[in-house]
Amino acid sequence: MPQLAIAPTFLNDFSRLDSGVQHTVLTAVRSYLAGDSGRLQAVTDASDPRVRVLQISPDWSGIVAPSQEGSYCLVGVRRHDEAISYARTYRAPGGLELDLVEMPAPPEPAEAAAPVRGPADLADALALPFAEWRLSLDPDHQRLATAHFAGSAQATGGPGTGKTVLALHRAAYLAERDAVEYGPAARPSVLLTTGSRTLAQTLSAQLDRLVSAPDVRRRIEVVTVDSLARGVLSESTGIPPEILSDEELAERWRTAARIDGLPFSGRFLVDEWQQVILAQDLTSLADYIRCERNGRMLHLAPEFRPHVWEAIQRYTGAMRAAGEWSYPQVAHEAARALRTQGPRYRHIVVTESQDLHPAHWRLLRAAVPEGPDDLFLLGDPAQRLVDTRVSLASLGINVRGRGHRLRTSYRVSQEILDWALPILGRSTGPAAEGYASVLHGPEPVVQGCASRAEEWTALSEWLQAQLAAGAQPESIAVAGRNQWVVRIITKELHANGIATAPLNSSADVDAVRVGTLHGLKGQEFRYVALVGLSEPLLPPKAAISAAEGDPVAMEQVYQEERHLLFTACTRARDALYVSYVGAPSQLLPESVHLAR
């Protein structure tokens, strides 16, 4: 039977640990002493090749040095990466002479989320440190990552089906293949793109970890589609475009429409321009009168269309005179420029593709020559945050016969999915596609509070419980609907001794991540807390007011908020925490309202 001595240095470390981690350490030590020798692992490039690490949990490891007569001595315990670094430089002082020490049982750990569990073939992946787990490719997706397609290909799937990881591995594979075929590269030949700036930053950092060869990594450019469009247009015109948000445009056009006596809201006109005229690349009134307005709930009779067309032409003319642009407009013009200049990449990988505007697709089509492995698209219609539906074939992107549906979630537990799916309401979700998870974990925690102070206290207690149980701070995210909620969260957590960092911080920052629901898009965490989900905050009053009573715009606001909330809930792997003050948002599942 194995023996394990305990050094005074270890007892020093052990006394500083939270009770939850102490409990985990004792369990691992007793498991080793009972014969689980697989927990003891060699350390690559160690100064003393006899030094080992004892796997305690996915986040913690012990440092083990040789003692006399072939036994071992536990000299310290650290977070996993720190333990590996410490073990590589540690040299045992000629064999340690220590008696076996019986450690007292620590107090029971604070209540925290039970660990997520899955089938036996995922046990190794679930045991990885979270940063490594986020890069692990599901075995079923290896074929897609390295496949050769005769043209464009598409993969769709619900949250947790591995789309983001697949995008990373696909981009890396294409760059590696490109390096073999073409030799040294003067500029990137593979574009990995998305619509979210935060996700683009995360993808770039993850690629740095995944791709070790500098020449291969240099071949992959990671930017948002809007950044690509701005760059192309700036090069073409010599002037960086001044871009207005949809909210700014809607406010301006609302005022102009009132002055002109038009019976249309600013939001309606902006959406009509971007979702119909720009989306279909309509260039004449006759084309606009004939067009089908798919996706627009409010019928617009042909006799009213000339008034709408003329108003939009006046307002966009004023924008051109002022040098102002909208994001889809920039993409539209950038696509036109690239069709003249020629393609920029040999391969493009797109993740979160459901949110791209038809103008974005025209840009991407122009940025890569049509041919084998030109475009690889990944997305989920149920997570669409912008109401832009598009026929890819009509834009020259043909994926017929090369479409793949990912039905199994490896990264979100079934309990979280079951709770979150009703949020989508009447919209088509992944449930209808036989979508399910192989992981199981605790039910989401829903906390109704009587006041803001009570909500912040409850949140701090929940976070402290996860940290006390050994959760790494960077594996936890807290999010609210707007920046006002985010600022309050940050202050309250710091007041309670919990360090915070923005959602897009690098993985080595030891702090709980805090940001908006939008900032969670494309991210993954072990634990996610969503706070402030009260009726006045979700949907936001500003979004409802901007709809100006327009039933089409109002329906769109509610549906986009549903998709946003669903997406945020499914960023959690192990546990989801939701809180509100007073009345819960009507977008939360019916079970929340019935439980009040």
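These legends accompany several close-up views of a predicted model.

**View 1. An open sheet of 6 strands with parallel pairing.**
Reading across the sheet, the strand order is S8-S7-S11-S12-S6-S13. Strand S8 (220-224) and strand S13 (403-406) are the edge strands, each of them pairing on one side only. From one strand to the next, the twist averages 15°. As a reminder while you look, strands of a sheet pair through backbone hydrogen bonds, either parallel or antiparallel.

**View 2. Strand S6 beside strand S13.**
Here we zoom in on one pair from that sheet. Strand S6 covers residues 153-157 and runs parallel to S13, with 4 bridges joining the two. To find your bearings, look for glutamine 154, which stands opposite glycine 403 in S13.

**View 3. Histidine 357 in its loop.**
Another strand of the open sheet, S11, leads to this view. The loop between strand S11 (347-350) and helix H16 (358-367) holds histidine 357. Is this histidine 357 buried or exposed? Histidine 357 counts as buried because its relative accessible area is 4%, and the cut-off for buried is under 20%. Alanine 279 is 78 residues away from histidine 357 in sequence, yet their C-alpha atoms are 7.0 Å apart in space.

**View 4. Strand S21 and two of its parallel partners.**
Strand S21 spans residues 572-581, and 10 of the 10 are buried, so the strand is largely enclosed by the rest of the structure. Strand S16 (residues 445-449) pairs with S21 in the parallel sense over 5 bridges. Within that pairing, valine 445 has tyrosine 577 of S21 as its bridge partner. Strand S20 (residues 525-530) also runs parallel to S21, and 5 bridges join them. Phenylalanine 525 can be found opposite alanine 572 in S21.

**View 5. Two buried cysteines, 449 and 569.**
Cysteine 449 has a relative accessible area of 5% and is therefore buried. Cysteine 569 is buried too, at 0% relative accessibility. There are 0 disulfides in the structure.

**View 6. The largest cavity and its lining.**
How many cavities of 30 Å³ or more does a search of the whole structure find? The search finds 2, and the largest cavity contains about 140 Å³ of space. Its lining is made up of 16 residues, with Pro159, Gly160, Thr164, Glu524 and Arg571 lying nearest the centre. By residue class, the lining of the largest cavity has 8 polar, 5 charged and 3 nonpolar members.

Definitions and conventions. Residues are numbered from 1 along each chain as its sequence is written. This is a predicted model: local features need pLDDT of at least 70, side-chain atom pairs count only at pLDDT 80 or more; totals for chains, interfaces and linings use all residues. Side-chain values use heavy atoms; hydrogens and water are left out. On a 1 Å grid over the protein atoms alone, a cavity is a set of points where a 1.4 Å probe fits but cannot get out, and a pocket is an open set with protein on both sides within 12 Å along at least five of seven lines; lining residues have an atom within 4 Å of a point. Grid points are joined across faces, edges and corners, and a volume is the space filled by probe spheres set on the points. Ala, Val, Leu, Ile, Met, Phe, Trp, Tyr, Cys and Pro count as nonpolar, Asp, Glu, Lys and Arg as charged, and the others, Gly among them, as polar. A disulfide is a pair of cysteine sulfur atoms within 2.5 Å. Buried means under 20% relative accessible area, exposed over 50%, partly exposed in between (1.4 Å probe, protein chains only). Two strands pair if DSSP finds at least two bridges between them. Axes are lines fitted to C-alpha atoms, for helices over the stretch in contact, and angles run from 0 to 180 degrees between N-to-C directions.
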